[in-house]
Amino acid sequence: MASIINADTSNGLKLTSDTTGQLDFQSAGSTKATIDTAGNLKFDSGYGSVATGYGCRAWVNFDGTGTIRDSGNVSSITDNGTGDYTVNFAIAMPDVNYAANASTANTNRLMLITTNSYVVGSVKVQINYVNFAGGNTPALDSSCSVAVFR
Amino acid sequence: MSRIIYETDDGGVAVIVPAPEYLLTNTIEQLAAKDVPAGATYEIVEDDVVPSDRTFRGAWTWV
């Protein structure tokens, strides 16, 4: 079934092992987290059941003028031009099927943010002002946050 | 902190801003080798070389 580490509320720590390769973390006999044989970390944390958690594999918060406030698994950002950035990953994604989400802190205008050019080593982010009269204008110096999930 | 600049295919200038975290364990030369597009000529400069006035950012050229 699984090797189990159980925090028993009466008798303290109980260990039960087998050879399946799965590891369960229990409290009072109830599984709260699991590492399965594929390496998936499963946990509850208010989700309602023990299920695989999908990690944020890269993130960055930068202003639009060339300062990275903080980041994780990001080697750099490339300022390609007005409102046009590339987020470069320190450790590449395993494929191009990840999800990249971006937002801007600009509260004065309606903004259009797109992520595109997904490759394993980077993703591009473009920030535009929305012009209701037609067309969009690249946004000058807008702060931006990007998170990549896989 | 240093920046890496290179000329883009359309004649503009791209500026690579290193993540401080990355430079804790890597050099800026290693970063350039990883993040500058293959075949592009680049230069490592101090950040004050990059203009702070970005009003005409799209018109920057590398001379």
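In this predicted model, strand β9 of chain A, covering residues 74-81, lines up with β2(B) in the antiparallel sense, and the pairing runs over four bridges. Within this pairing, Thr78(A) sits opposite Ile16(B), a residue of β2(B).

Zooming out to the whole interface, 19 residues of chain B are in contact with 22 residues of chain A. Putting the two chains together buries an area of about 1,500 Å². Carbon and sulfur atoms account for 46% of that buried area.

Next come the charged and polar links. Two salt bridges turn up across the interface of chain B and chain A. A salt bridge joins Arg57(B) to Asp79(A), and here the closest N and O atoms lie 3.1 Å apart. Asp79(A) also falls within the residue range of strand β9, 74-81. As for polar contacts, the count between chain B and chain A comes to ten residue pairs, with both residues at pLDDT 80 or more.

Which parts of chain B make up the side that touches chain A? Three elements each supply at least two residues: β1 (2-7), β2 (13-18) and α1 (28-35). Of these, β2(B) gives the most, with six residues. That is the strand of chain B that pairs with β9 of chain A. By residue type, the side of chain B that touches chain A breaks down into eleven nonpolar, two polar and six charged residues.

Methods: Residues are numbered from 1 along each chain as its sequence is written. Chains are lettered from A and ligands numbered from 1 in the order in which they are written. This is a predicted model: local features need pLDDT of at least 70, side-chain atom pairs count only at pLDDT 80 or more; totals for chains, interfaces and linings use all residues. Side-chain values use heavy atoms; hydrogens and water are left out. Contact means heavy atoms within 4.5 Å. Buried area is the accessible area (1.4 Å probe) that two parts lose on being put together, summed over both. A salt bridge is a side-chain nitrogen of Lys or Arg within 4 Å of a carboxyl oxygen of Asp or Glu. A polar contact is a pair of N or O atoms within 3.5 Å; within protein, one must be able to donate a hydrogen and the other to accept it, and residues adjacent in sequence count only if both atoms are side-chain atoms. Ala, Val, Leu, Ile, Met, Phe, Trp, Tyr, Cys and Pro count as nonpolar, Asp, Glu, Lys and Arg as charged, and the others, Gly among them, as polar. Two strands pair if DSSP finds at least two bridges between them.
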